[in-house]
Amino acid sequence: MVGEMTQETGARINVPPPSVNKTEIVITGEKEQVALAVAMIKKVYEEKKKNTTTIAVEVKKSQHKYVVGPKGNTLQEILDRTGVSVEIPPSDSSSETVILRGEPDRLGQALTEVYAKANSYTVSSVSAPSWLHRFIIGKKGQNLAKITQQMPKVHIEFTEGEDKITLEGPTKDVQMVQSQIEAIVTDLVSRMDYAEISVDPKFHRHLIGKGGVNINRIKEMHKVTVRIPPDNEKSNLIRIEGDPQGVQEAKKELLELASRMENERTKDLIIEQRFHRAIIGQKGEKIKEVRDKFPEVIINFPDPAQKSDIVQLRGPRTEVEKCSKFMQKMVAEMVENSYSVSVPIFKQFHRNIIGKGGSNIKKIREETNTKIDLPAENSNSEMILITGKKVNCEAARNRILAIQKELANITEMDVSIPSKLHISLIGPKGRLVRAIMEECGGVHIHFPNEGSGVDKVTIRGPVEEVEKAKQQLLTLAEEKQTKSHTVELHAKPEYHKFLIGKGGGNIRKVRDSTGARIIFPTPEDKDQELITVVGTEEAVREAQKELEELIKSLDNIVEDTMNVDPKHHRYFVARRGQVLRDLADEYGGVMVSFPRTGSQSDKVSLKGAKECVEAAKKRMQEMIEDLDAQVTMECVIPQKFHRSIMGPKGSRIQQITRDHNVQIKFPEREDPQAAQAETPAQENGEANGELKEPLDPEAPKRCDVIVLSGRKERCEAAIEALKALVPVTIEVDVPFELHRYIIGQKGSGIRKMMDEFEVNIQVPGPDLQSDKIAITGLASHLDRAKEGLLVRVKELQADQEDRALRSFKLTITVDPKYHPKIIGRKGAIITNIRTEHDVNIQFPEKNDENQDQITITGYEHKAIAARDAIQAIVDELEEMVSEDITLDSRVHARIIGARGKGIRKIMDEFKVDLRFPQSGAADPNLVSGDRSP
């Protein structure tokens, strides 16, 4: 019908599909065509309105998707076959009402189809213990793959921790899959079993063995699977699954291994991780020698990723002690012969410290005779480790910090911009983003890979320019989200600089007045005349009008003259006419002709666009006034500060010369040896037989004098700007014991303060035991940095006082037989006491002499309350009566029940404690119990 209307009226008619909840029909075309189409549609609508009716039916929400079909195909099919439209409530609505709209005689057929589609799929579940799920799935999903290949339309979902499997798909297929899985579950339950044993986590790695040799042997021998929890779970529960007999045998062997380990001696050696590699040696040669010397001792080093200093020794007591002393002696020798220091350096500066082809780092290593290790490129660590003699390490450290200080004006910032806008912000061939980068002083803007869905855009460069680029990006993104319009103009390339203006002044006026963004071509672009205007339609129209007027006026070529004193001619034509070339670039290709050299004429000719000629004449007049008013001034600043004042690649000096329109010349660096050679020994003020004037001791050194040229007032302002860049150092008294907290973990604390206050903070080495912390930076930043440091000191002192109050310690004497009861099942009781009273409760280790001493640490009043809580439990336990009964060991497992449910129920019901004998006990039938009298 729509096709017929389109053919008849010539208008385009867009009717939304049934799956889209819209009531508008869009018609486009000529006015008469649209009017005719509207009339025809209204006529059809009125006819349908008379002949159609609606019915509402309830369909489960979960079945709506089957009625809709993929991309609304099912709704369209029902409409095509019956002429009835089916309206489904939105997915975010809780309504289950489906409305059918059409001719009465067609509604029955449509309703039948809706119910058929709704009931074509079903959701069901199969009960299966969660620990059996992986056996049902099979190795690499083999078991499940067999089922899904037969019934590909059925979706099978396993939920971790739940004892059920969910099935979804066509009803018949789901029923078949359900029966297959139920059969698998029944089979597994009949021939599989599991057991759980409790083993101290410190023995887990020994149960596993080197490379898993122990645990793999047990698995293969008994045909079972054994799950030993990873270290981060801090659980002592080991789970064994498989054939019932194999499970019991594996359980017995694991418990025997754990029991044997408890009788061995374990000792933790604290050895700094930086020495671990040296002790192990290349390919493990050195540690092999130690192990050969002490074959009965197991030596375990921590994983490098754990950043742990604990090396564990395990074996017979005497051998462990001998090995411990031997390794401590090794470490002592290493400490004597090596010194190391970690330097926090911002990650973005690591490549500058390495240098091209590693030249910088190689030079520092060779000249300081140190070993310098940088973190891996994909590591988040910012610490650079320097190892060697102390003096050499400090020298290398200072050189590395100096490189960072030069680069410290560079910053990196992340901006969140919706990923869908990235392509439009980059622009064709990157023109849009390149324009922002050039306008903001050469910042680098990095967009994530296309299609990654990541919103983060990274901007890197000078602090002020990064902030400027961020604002421009966000503004442009906002424009793109509203409505963006683009227009292209053409102008001769030589006009572009004049259109842009000095420092972008001209083009900024157009942008500020219209709100549009104007993008000029880069040298890489093929069309060098193309100018692109981007913004809202109104803003683009206004900017286009202004630019077209400017371009038109530039096409009007004129000739003019001006008078320039011959003494200034050389300034304009020197360096192969560089000044004239700059004028031509800046002012639309204007040609400036000076009289021949030797001529006394002061007449200078200018040819070009009228606007450009006028602007060039004005600029030349300003230059002449500057030349007439030019003075030379000196600024004395010690040479040691010159590099800091210049900034990275001279950026700070370039900024001052631009801001104040002056020339600045730094002196050559002084060579101390050359200075001594130039000053021969004098006697009585004579040298080489000639009388010399004595040197003025107060006269500044040549190497300290910076020369400035320009107008007097500008030179004076530039001198003030130079002096403001001289770094100043102050010292702040901070108690030595707080220094490590101020530095923070891996230097994070001190780095944060340096970033926040834009200063360098130097903390003295621990061997100096000094309370002085030095802060170096611009005078304007020092007061704020000092205040921030003192605030941090007050916070740390308050923390220290609190720690002292929390360190109150007391002990309580409790018979060791009551310790498990105080701890409770899985530590529940003791954890509750610890949490309720906010204290630390330490039970004695197995090798401690005082096995009846429990130590409580925390605030005094809380420690006393925790002690009273423990004593109350002990008093209750001491009142209980013990009794032994004989019970056939063959029924123990049935009484205990699955996971101990049966025995727990009995104990809870009768308020007693029952203990069954362990395997291998002298009397396997003896059951002990405690009860209240």
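Which helix lies across S27 and S31?

1. In this predicted model, the helix in question is H29, spanning residues 712–724. H29 runs at about 145 degrees to S31 while lying across both S27 and S31.

2. The strands beneath discussion belong to an open sheet of three, ordered S27-S31-S28, with antiparallel pairing. Strand S27 (630–636) and strand S28 (663–665) occupy the edges; each has a single partner strand, so one side of each is left without a neighbour in the sheet. From one strand to the next, the twist averages 20 degrees.

3. The pairing of S28 with strand S31 (residues 705–711) is antiparallel and extends over three bridges. Within S31, valine 707 is the bridge partner of lysine 665. In general terms, strands of a sheet pair through backbone hydrogen bonds, in either a parallel or an antiparallel sense.

4. A separate point concerns a helix pair. Helix H21 (residues 493–500) packs with helix H22 (residues 505–514) at an angle of about 70 degrees, and their axes are 4 Å apart. Because angles of 65 to 115 degrees count as roughly perpendicular, H21 is roughly perpendicular to H22.

5. At the contact of these two helices, H21 contributes Phe498, Leu499 and Ile500, which meet Gly505, Asn506 and Ile507 of H22. By class, the residues of this contact comprise four nonpolar, two polar and no charged.

Notes. Residues numbered from 1 in each chain as written. Predicted model: local features only at pLDDT ≥ 70, side-chain atom pairs only at ≥ 80, totals over all residues. Heavy atoms only, no water. Axes fitted to C-alpha atoms, helices over the stretch in contact; angles between N-to-C directions. Parallel < 35°, antiparallel > 145°, perpendicular 65-115°, else oblique. Contact = heavy atoms within 4.5 Å. Nonpolar A, V, L, I, M, F, W, Y, C, P; charged D, E, K, R; others polar. Pairing = 2+ DSSP bridges.
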